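Trainee: I've got this model open on my screen and I'd like to take a close look at just one part of it. Could you walk me through the sheet and whatever sits around it?

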Amino acid sequence: MLTMQVIPRVYQITARYGNIFLIVEEYLTLIDTGLRGSAPGVADFIRSLGRSPKEVNLIILTHNHLDHIGGLAGLRRVTKAKVAAPKRDFVIDNGPVPYPAGNFLGRLFKTTAMSPLRRRFLLEAMDIDILLEGGEVFPVLGGLQVVPTPGHTAGSISLYAPQKKLLFVADALNKKHDVLRLPLRTATSNLDDTIASIEKMAKMDVEVICFGHGRPITENAKAKLMRLGEEFKV
Ligand SMILES: [Zn+2]
């Protein structure tokens with residue numbers, strides 16, 4: 001497991017494939033949970049900072065994909081956290097949503113042979129304590145705003161800390177060699193929404209961007225967002 005400090009009090013923990021973020025204040029906050037099996041490593045890292053996993057009182061999930069939610073069950077056992085996640089990835093008209101992925105994963109989970117796997121790999125609304133609609137502000141990093149950035153999934157959220165000019169985008173954006181890219185198309189459900197979300201991000205005052213996969217961008221993030229936004233302007 002690889003860890004790095006993004007800015008003071010904000011750590012990126014890379015567990016096998018995906019990133020988990022730990023925010024260390026009076027209480028601890030986690031953003032996303034990685035794949036199943038990530039909990040022991042996260043707990044060890046928290047202890048290495050002289051803190052206890054029991055001090056984690058909030059876990060925010062950015063979207064309902066298994067490489068972001070898989071570690072939740074394990075982390076629930078070692079923390080006392082409430083879990084917040086975007087409502088649109090979990091509930092439609094009071095029923096469960098179809099798998100909120102793109103073309104490939106969406107089809108895979110719709111086939112009957114795969115349906116028993118759904119419960120194993122995906123969370124349902126009952127697994128979530130706080131269903132987010134967008135616009136909520138958590139008392140984290142001086143105010144952590146929930147910003148709907150749909151496209152990758154219908155409910156995908158980004159988390160914005162204006163005081164730190166820090167934006168957690170999870171999979172709403174991708175990056176290759178420090179250049180921003182659209183998220184992976186095979187795992188993305190709506191391209192028009194994705195582009196609208198990027199235009200929304202480009203209007204924000206952002207210096208640092210943290211991703212669901214790969215290392216953060218720590219300089220000139222706003223200029224990079226605007227450049228990407230320009231590419232798709234109609
Ligand atoms: Zn994803």
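Mentor: Sure, and keep in mind that this is a predicted model. Start with the open sheet, where five strands line up in the order E10-E11-E12-E13-E16 with mixed pairing. At its edges you'll find E10 (137-138) and E16, each of which pairs on one side only. Further in, E11 (residues 144-148) and E12 (residues 157-161) run antiparallel and are joined by four bridges. If you want a spot to zoom in on there, try valine 146, which stands opposite leucine 159 in E12.

Now follow the sheet to E13 and E16, since both help to line a cavity. The structure holds one cavity of 30 Å³ or more, and the space inside the largest cavity comes to about 40 Å³. E13 (166-170) and E16 (208-211) each give at least two residues to its lining, and so does strand E3 (18-24). E13 makes the largest contribution, with three residues. Click through the lining and you'll meet, among others, Asn19, Phe21, Phe168, Val169, Ala170, Cys210 and Phe211. Sorted by class, the lining has seven nonpolar, four polar and one charged residues.

His68 is another of the lining residues, and it's worth a stop. You'll find histidine 68 in helix H2 (residues 66-69). Histidine 68 has a relative accessible area of 1%, so it counts as buried, the cut-off being under 20%. Leaving aside neighbours within four places in sequence, the contacts of histidine 68 include Asp32, Thr62, Ala170 and Gly212. Those four names also turn up in the cavity lining. Other contacts of histidine 68 include His63, Asp171 and His213.

Last, go back to E16 and look at what packs on it. The buried residues of helix H7 pack against E16, and also against strand E15 (179-181) and helix H6 (191-202). H7 covers residues 221-231, and its buried residues are Ala221, Lys224, Leu225, Leu228 and Gly229. Look down the axis of H7 and those buried residues fall within an arc of 140 degrees, so they line one face of the helix. That spacing fits a simple rule: an α-helix has 3.6 residues a turn, so residues three or four places apart point the same way. Turn H7 around and you'll see Arg227 and Glu230 exposed on the other side.

So what ties the tour together is E16: an edge strand of the sheet, a contributor to the cavity lining and a packing partner for the buried residues of H7.

Terms used:
Residues are numbered from 1 along each chain as its sequence is written. This is a predicted model: local features need pLDDT of at least 70, side-chain atom pairs count only at pLDDT 80 or more; totals for chains, interfaces and linings use all residues. Side-chain values use heavy atoms; hydrogens and water are left out. On a 1 Å grid over the protein atoms alone, a cavity is a set of points where a 1.4 Å probe fits but cannot get out, and a pocket is an open set with protein on both sides within 12 Å along at least five of seven lines; lining residues have an atom within 4 Å of a point. Grid points are joined across faces, edges and corners, and a volume is the space filled by probe spheres set on the points. Ala, Val, Leu, Ile, Met, Phe, Trp, Tyr, Cys and Pro count as nonpolar, Asp, Glu, Lys and Arg as charged, and the others, Gly among them, as polar. Buried means under 20% relative accessible area, exposed over 50%, partly exposed in between (1.4 Å probe, protein chains only). The arc is that of the directions from the helix axis to the C-beta atoms. Contact means heavy atoms within 4.5 Å. Two strands pair if DSSP finds at least two bridges between them.
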